[in-house]
Amino acid sequence: MKIEIDKHAGFCFGVTRAIKEAEENSSLGIACLGQIVHNAKEEKRLNKLGMKTVTKEDFPSLAGKTIMIRAHGEPPETYTKAENLNIKIIDATCPVVLKLQQQIKEKYNLDKNSIIVIYGKKGHAEVNGLVGQTNGEAIVIGSIEEAKNLDVSKNIYLFSQTTSDYFKYQEILNFLEKKSKVFHGNTKQFKAFQTICPSVKNRIPKLKDFCLNHDIIIFVSDSNSSNGKMLFGICKETNKNSFFVTSTNDIDKSWFANVKTVGISGATSTPFWLMENIKTKISSL
Ligand code: SF4
């Protein structure tokens with residue numbers, strides 16, 4: 001049985017950058033604000049090196065110390081709270097997220113009567129950081145049903161969380177553009193921005209090819225990873241013999257009967273070492 005790990009899987013550059021910061025500062029007991037990456041196994045590895053995971057509720061006890069902001073970014077109020085408590089910040093916000101925060105802030109300040117709409121997951125750390133650029137006024141939608149309830153009489157600026165589902169975003173974009181056109185007679189009041197991260201978007205065609213080239217696909221991710229859910233959906237659509245696993249414990253021997261080629265892939269938050277462990281486990285069956 002041939003087993004191949006998808007060479008395009010593994011951490012994206014934003015996560016790689018944040019993990020590097022954590023590794024370099026872990027011996028100093030760096031405290032990361034929130035789970036560093038949506039992968040409990042990788043978080044545990046870094047915790048063992050000395051990195052702690054903290055929340056904003058811990059801020060009073062961190063006065064005078066240093067915290068790290070992960071790749072998802074944070075709203076402006078986090079920086080203010082930290083400054084007020086003399087907490088120093090190592091900022092590992094991904095440059096792609098930072099650019100999106102700036103774009104949203106710019107449109108919000110330019111046109112206060114407009115509606116900023118963000119397609120993403122309510123309560124997700126990145127989305128909270130994006131909404132924070134608009135004083136909490138941006139509307140977060142997670143489906144076309146929610147898009148149907150939007151008031152299009154004002155100017156609308158539509159953005160997407162960087163790891164959202166590309167195809168669903170296109171669907172929402174087309175729907176709102178049409179709705180705005182019907183209301184105003186033109187599309188001048190509607191502006192949409194392509195803000196899905198290229199690291200996620202560009203993986204879609206490569207992942208489809210990878211899925212077609214194997215009898216079975218083992219997709220490794222944590223269930224709270226947005227891009228993990230989306231990329232696994234692509235696997236399942238392309239190759240119905242796709243299975244979602246979080247660790248070697250989830251591997252079921254019966255999946256591999258009469259299988260000649262196995263493909264292992266994962267989310268942008270899945271460490272390569274975890275996919276290697278999965279490969280070793282499958283080889284031993
Ligand atoms: S998926 Fe894209 S935006 Fe998100 S951390 Fe990775 S590189 Fe940055």
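Domain bounds here come from an automatic or database domain assignment. On that basis the chain splits into domain 1 (2–9 + 200–283), domain 2 (13–94) and domain 3 (96–198). Residues are numbered from 1 along each chain as its sequence is written. This is a predicted model, where local features need pLDDT of at least 70 and side-chain atom pairs count only at pLDDT 80 or more, while totals for chains, interfaces and linings use all residues.

Taken over C-alpha atoms, the centres of domain 1 and domain 2 sit 29 Å apart. Contact (C-beta atoms, placed from the backbone, within 7 Å) links nine residues of domain 1 with seven residues of domain 2.

Turning to the ligand, 14 residues surround it (C-beta atom, placed from the backbone, within 6 Å), and the closest are Cys12, Gly14, Cys94, Val96 and Cys197. Domain 2 and domain 3 each supply at least three residues to this shell.

As for nonpolar cores, these are sets of buried Ala, Val, Leu, Ile, Met, Phe, Trp, Tyr and Cys residues joined through C-beta atoms within 7 Å. Buried means that 20 or more other C-beta atoms lie within 10 Å of a residue's own, with C-beta atoms placed from the backbone. The largest core has 46 residues, and Ala22, Cys32, Met68 and Ile118 have the most contacts inside it. Both domain 2 and domain 3 give residues to this core, so it lies between them. A second, separate core has 22 residues, including Phe210, Ile218, Met275 and Ile282. Leaving out residues up to four places away in sequence, Cys32 touches Ala22, Met51, Thr53, Met68 and Arg70.

Notes:
Two residues are in contact if their C-beta atoms, placed from the backbone, lie within 7 Å. A residue is buried if 20 or more other C-beta atoms lie within 10 Å of its own, exposed if 12 or fewer, and partly exposed in between; C-beta atoms are placed from the backbone.
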